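Me: I am new to this structure and would like one careful, connected look at it, beginning with its cysteines and moving on to the parts around them.

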Amino acid sequence: MQPKLLIANRGEIALRVIRSAVELGIPTVAIFTLADAASPHVSQADEAYCIGDGTDPRGYLDIDAIVAIAKKSHATMVAPGYGFLSENAAFATACEDNGLVFLGPTPYQIKSMGLKHEARAIALKAGVPVVPGSDGVVNDLEEAARLAKTIGYPVMVKASGGGGGMGMQVCKAALRANFQATRDKGAALFKESAVFLEKFITRARHIEVQIFGNGTGHVIHAGERECSVQRRHQKVIEESPCVLFSTEEGKGVRERMCQAAVSLGQLMQYRSAGTVEFVLDMDSPDLEFYFLELNARIQVEHGITEAVHPGLDLVELMIRQGMSPSGSLDVAALDQSTLLSFHGHAIEARVYCENPKAGFNPSPGQLHHVEWADVGRGGRIDTWVETGTTVTPHYDPMIAKVIVHGETREVAIARLSTVLGKSKIVGPTTNMDYCRTILETEAFRNGTLHTTFLDSFEYSPSAIEVLFPGLATTVQDLPGRNVGLGIPRGGPADMLSFQAANILVGNTPSTEALEITMMGPKLLFHTDAIIAVTGAEMVTKLDGNDVSQWTTLRVKKGQTLHIGTALGHGLRSYLAVKGGLPNVATFMGSKSTFDAAKLGGHQGRSLLAGDLLEIFPNEEGSILRVPPAGVPVFSSSWDIEVCVGAQWDPAFIAPEGMSTLLDTEWQVTPASNRSGLRLEGPRIQWARSDGGEGGSHPSNVVDQGYPFGALNLNGDTPVLFGVDAPDMGGFACVLSLETWSNSARRHGPLRVYINRNRVEVGSCPRAVAFLDPVVGIDTTFVQYQPQEFACVDVSAAPNHRVSRANLSTSRRPVRVVRVELWERAMLAANTPGIINFNTCIRSCLVQFDPRVISMTALLKIMIETDAGLTGAEDVSLDIHVIRLPVVVDDKWCQEAVDYYMRTSRDEAVYLPNNTHYVGRNNGGDKEMVFEALTKTPWLVMARGFFVMLPFIVPLDPRRRLLAQKYNPSRTRTPEGAIGLAGLLGRTLSTWQAWAENHSIVDNFDQIEFYPVSEDDLVKTERAYKAGSWQPEKRKGTFNMRDYLKMLEDTREETAAFKRQQLEASSVVGKEEEALFAKFNSAKGTAGKRTVDATSSTDGLPVSSPLSASVYKILVRPGDAIATDDTAVIELEAMKTSIMVPAGEGMGGKSVMSIAVQEGDSVDPGTVLVYIG
């Protein structure tokens, strides 16, 4: 039978085995769980199989399932790697019982070496010195205490089945607690509660010898490895050869140690690769060493042995021996003489996703950027990760082994230090800098190491440690992203305060900094730093002492900065650090965080406790202060200067409605966030009764591009778009505004006014004026203006000020294609000054820089480009057709609607079930909606709104449903939701953040939905995200002539359907008018329940940090508060769930009383809970 190798492992060791198998021409079989389906070992193997259904991350321990895959794939050999089942005798037995060659020791050898007391006995029989200790298993505490007294403290209590540094406890004086704890851990981790005792050698070196046996008694060694640099008994840095053996005395110790390892292997007739580990007593005059254990597998650090023995491939030897008919390599193939000398020096650093400042806790998450430096000749990097890889919490956090080689130890140290310093991993915290710092210590360079060296090693990273994250603290930069396609521009909400902070510390004004919303963080600085805090007034303390905002601050290593709750009417503050935040990755040209899509910033999210933010050490810097005239005043009300927008037109909005918008003092509601400010006030008067093809409400339009900083009419709710606003959608945009600080203020009264002297939205004069005094504090700074783009809209509005740029066709389907062709032509022209194109359905919004090209010049180019296009009627486009599963009227979308009803509005025609409403509004029922989704292909007209969300329309015009659009909370909308008006169903997300094109669909592709159950969708989605399942995708063609013919053939049926829609929507629309009037009336009269914040209730008050509604009370009177960070109330504000912690000094106390009820509206300072 042709040899075939199954690899019963994952990660870098699976790739390492594949590499040797490929060299030998052996086909490979990978196994994986869904958590690992996208890992490279799956794609690099010749075949790959999911273990069971893949949902259990422990699948790599499923002996029966792995053996079944081996048989199914016709594998002949199994490579266990290290960890998992590599030292499991039952697995080795199962392989051999099923005719599979196990590439490792025999089951007996694995079992005898796996039980440490048995291994100790065999070592003694082989004449190998062992650590003084018990002769075998210690059964009870009394016996353990007697033996410990005889051996002498300190002693080590070790689980007999333990390994990898687990299952061992050092006892310096008494062992009562540790004895039982070790037994319990052994039973839990290794299914073996037996323990034994050994003398603990205080100043020990961990040295191991690589052996290889052919199973008939011939055993060779490949020298030693030094593994004394350990944390929590686990290796961090290994090297070969051992520096201690460079002397004549050391060479004699090496010879004796290697011979002891070989003797042990010979006695056992050891088969395959193995590592004999010894502990060497540095305080003994003769450098005495003792046997620890034999690791009956390939070792993690085997690579450094291969590096100092060029040509040696231990994995290849294992495979070749497995392919041998006798199951044994000839003696000639294992020549000891070739391995007696070392070629130079090799060092390995294990790179873990872990936090050295948090007890080496694992740091799972997504790697936003992975870049390895050159390791030089003889080195290698064994890794399984790349940019975009998600490191899950299910497995060992090791992501790479960095191996370097040098002619001398000094060269190897310098090379590894350089590689670790120049390599870049952005995402979860790693130990790379920790390892580099170890290399630079005097103890490591001198080679005076021992296994407890790291216990007293003080590591201070050049970083800020997040002790408390605040309400929402994110990384932002300028100018953000200008890519369109539903990727928000982002950046700081208050661009000017942000720039001022950077100027104060000597950065360029666009450098990334922290944006702090409402409640600030508590940050520990592990290095000296130069910082500045600007923006909203927040009590700022350094080591408990008040410090000023709007000035340069020097922070010393070890100091703690605490930024409190926003005071007055400001909402957001900014913390800039000199040098920025270098270990935050750039995504699509910006480091700005877009929390809703988990993009950019630190891990694509707000900061969390335990995060480490790398910074540059800075001690020196001028102390700069912004003069009082330069500090903005965040007043309780403000005016916004605006320009007319695409739908500021009497064809859309009545003159009375225009007056209402401009004459009303609007109230900004707490349901506002970085996406926009929601305004409350009178209802707008429209010039039309509905939105035609755009929807049932007059604010609805055929989806269009949104300008940055638009005043969007979302149904009857005006919304001032902020920095994270969508870039296209189906609501009217009547005004455009200056955005430099809109989102910097809390809710309150607001007015808008039109600057009749400007027709373009360019750089804001007020913004420039604001920066003048800031720039003036030091003439070495260069003035930076926030990049505001003028917007030209090629729109359908007949009276719009740029209507002359309308595309020259009245046939709507042709126009859609023509817009696409026009954009392609404009892109090909590469006109200077154009920032991007925002094409959506029938129009294109062009963002440009008026400092580079004027609106007049741009319009001329746009019109000439349109005039130069040939007719779109004969166009035929190559496309793809993608089949996606769908659940109509699913539970996840209904949960989002339920949440909307609890927090926004509880009665409307589209509530409580949007699918039912859409059916009614079109003269049908839910079945009509189901058939619309599943009985016709859907054409992708554009991508945008939210991370390349496809705008789709049924190809069959008889299935194009209309409804009034409304806006459930984006934070509650499930991934893959299909929306029409509200939410209709759920499919798979087409967005793929780390793929080259970021989306699986393109414009004019078609989607075919097929119905599945909710359970089936969950399973498919899980496999899809893991990379083990892809939707069916076939090539196709979109032919405009064929499409127009289909429209003509169905014209009468389509007209009848539209009449049915009009009749039904008219009835439903009247119902909504009545319900909306009722809703407005209730808002005006209900008021909020007043809460007495000054009552004499016993205890200390916990207050609301902002205006919000009480969503959920998390505690009850009498509950104990575990820590200061224990959440007591969940608030809802800014479309965000906000957890209110008990607060500083509250840990250990109890809840005395609750001052609010769920559903209450609260203001800043309103007491929520009393704790005492």
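How many disulfides does a search of the whole structure find?

Reply: The search finds zero disulfides in the whole structure, a disulfide being a pair of cysteine sulfur atoms within 2.5 Å. Cys258, for example, is in no disulfide, and the cysteine sulfur nearest to it, that of Cys242, is 11 Å away. This is a predicted model, in which local features need pLDDT of at least 70 and side-chain atom pairs count only at pLDDT 80 or more, while totals for chains, interfaces and linings use all residues. Residues are numbered from 1 along each chain as its sequence is written, and side-chain values use heavy atoms, with hydrogens and water left out.

Cys258 counts as buried because its relative accessibility is 2%, where buried means under 20% relative accessible area, exposed means over 50%, and partly exposed lies in between (1.4 Å probe, protein chains only). Cys171 is buried as well, with a relative accessible area of 1%.

A further cysteine, Cys95, belongs to helix H4 (residues 89-97), in which Ala89, Phe91, Ala92 and Ala94 are buried along with Cys95; helices (H or I, at least four residues) and strands (E, at least two) are DSSP runs, numbered from the N terminus. The buried residues of H4 pack against two helices, H3 (63-72) and H5 (107-114), and against two strands, E4 (77-79) and E5 (101-102), with contact taken as heavy atoms within 4.5 Å. Just after H4 comes Gly99, which takes a positive phi of about 75°.

The stretch that runs from strand E10 to strand E12 holds several backbone features. Arg232, in the loop between E10 (219-231) and E11, has a phi near 55°, which is a positive value in a residue other than glycine. With a relative accessible area of 45%, Arg232 is partly exposed. After E11 (234-240) comes a loop that leads to helix H9 (248-268), and Pro241 is found in that loop; the peptide bond that runs from Ser240 to Pro241 is cis, with omega near 0°. On the other side of H9, Gln269 lies in the loop between H9 and E12 (271-281). Gln269, a residue other than glycine, also has a positive phi, near 55°, and counts as partly exposed at 41% relative accessibility.

Farther along the chain, His309 sits in the loop between helix H10 (302-307) and helix H11 (314-323). Although this residue is placed in a loop, His309 is buried, with a relative accessible area of 4%. If its neighbours within four places in sequence are left aside, His309 is in contact with Ala222, Leu339, Ser341 and Phe342.

Another loop residue, Glu665, has its place between helix H16 (655-663) and strand E35 (666-668), and at 43% relative accessibility Glu665 counts as partly exposed. The C-alpha atoms of Glu665 and Leu679 are separated by 9.6 Å, the two residues being 14 residues apart along the chain.

A cis peptide bond is also found between Leu911 and Pro912, where omega is about 5°, and Pro912 lies in the loop between helix H20 (891-903) and helix H21 (914-921).
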